[in-house]
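Open the model in a viewer and follow the stops below in order. Each one says what to select and what is there.

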Amino acid sequence: MPHADRHGLLWLDRGRLEVEDGCLRFVTSGGTLAAGDYQIPHQTISMILLGPGSSITHDAMRLLANHGAALVAVGEGGVRFYTAPPLMPDTSALARQQMNKWAKPQSRLAVARRMYAIRLGELLPSRDVAVLRGMEGHRVKQAYKLMAERFGVTWRGRRYDRSDPEGADLSNQALNHAATAVRSAAAIAVTATATIPQLGFIHEDSGQAFVLDIADLFRDETTLSLAFGAAKEAETSTDTVDRIVRRRAVRLFAEKKLIPSMIDRIKQVLDREDPT
């Protein structure tokens, strides 16, 4: 069945994915699904997101592979992206669009400008990516300040020492953990669309450059609100900042339908005619 006609993503956790009489079966003690024994229509889904407390048999992986359904191991609610077998979609359309746009300087710049327009709410006049990065940097600083004020959190600026991540204040620690969670969601979206993680339009050097591009499209509306909300909660909680961020991320991702939104955004930025 073409992926365009399938139901998309299926979330499973706290159970066992196996095969019985040639059919995919999931037995769960209760999580995303109520406790029970479910037959999974593997021919009609594009990807299974397998969450904590789950196991899968070799035969189940064989069945998914034979029907072109991907399997991804994720953290609770998609706030971590652990591993995924290669996705073999029935069409290379998005990957080819991405490659064509990335390979041509004019269309690559056009996609980068479109991404900045989504992030900043307007199409900026400059056609130089370095200038756009500088303009964005100024606005991001303002966004940090405004979000801190909104949640009533002390903010002294973005500071992060890779050699001592726990040495940062609560807000900076929360930002680190929130960014990791949103990047995980973006990695799932990139995998689901079979686009190429290495070919970013704003980010360049990272092997996950396109994942970072997509995650940044949701920075203001998701990452910052998640981080500063968690930092405020951490002031009076006995839980670690990481745990608070993960718990809040699970709820926020579900409320915002974040991963489906990211998939739509990938199609939006790639599926347009640009200068050649």
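In which sense do E2 and strand E6 (residues 55–56) pair, and over how many bridges? They pair in the parallel sense, over 2 bridges. This is a predicted model, in which local features need pLDDT of at least 70 and side-chain atom pairs count only at pLDDT 80 or more, while totals for chains, interfaces and linings use all residues. Residues are numbered from 1 along each chain as its sequence is written, and side-chain values use heavy atoms, with hydrogens and water left out.

**The sheet**

Select E2 and E6 and look for leucine 17, whose bridge partner in E6 is isoleucine 56. Strands (E, at least two residues) and helices (H or I, at least four) are DSSP runs, numbered from the N terminus; two strands pair if DSSP finds at least two bridges between them.

Add strand E3 (residues 23–28), which pairs with strand E2 (residues 15–20) in the antiparallel sense over 6 bridges. Arginine 16 stands opposite valine 27 of E3. The hairpin of E2 and E3 has 2 residues between the strands, and aspartate 21 takes a positive phi near 55 degrees there.

Next, select E4: E3 and E4 pair in the antiparallel sense over 5 bridges, and valine 27 has aspartate 37 as its bridge partner in E4. With everything shown, the order is E4-E3-E2-E6, an open sheet of 4 strands with mixed pairing. Strand E4 (36–40) and E6 are the edge strands, each pairing on one side only.

**Aromatic pairs**

The whole structure holds 3 aromatic pairs. Rings of Phe, Tyr and Trp (its six-membered ring) pair if their centres lie within 6.5 Å; planes under 30 degrees apart count as stacked, over 60 as edge-to-face and the rest as tilted.

Select tryptophan 155 and phenylalanine 228, an edge-to-face pair at 5.4 Å centre to centre with 75 degrees between the planes. Tryptophan 155 lies in the loop between helix H4 (129–151) and helix H5 (170–193) and phenylalanine 228 in helix H7 (residues 219–234), so the pair ties together parts that are 73 residues apart in sequence. Both tryptophan 155 and phenylalanine 228 are buried (under 20% relative accessible area, with a 1.4 Å probe and protein chains only). Add Tyr144: Tyr144, Trp155 and Phe228 form one aromatic cluster.

Then move to phenylalanine 201 and phenylalanine 210, which are both buried. Their ring centres are 6.0 Å apart and their planes at 70 degrees, so this pair is edge-to-face.

**Pockets**

A pocket is an open set of points on a 1 Å grid over the protein atoms alone where a 1.4 Å probe fits, with protein on both sides within 12 Å along at least five of seven lines; lining residues have an atom within 4 Å of a point. Grid points are joined across faces, edges and corners, and a volume is the space filled by probe spheres set on the points.

The largest pocket has a volume of about 690 Å³. Select Arg158, Ala179, Arg183, Asp216 and Arg219, the closest to its centre of the 26 residues that line it. H5 supplies the largest share of this lining, 8 residues.

The second largest pocket has a volume of about 540 Å³. Of its 22 lining residues, select His3, Ser46, Ala192, Thr193 and Lys267, the closest to its centre. H9 gives the most to this lining, with 4 residues.

Terms used: Buried means under 20% relative accessible area, exposed over 50%, partly exposed in between (1.4 Å probe, protein chains only).
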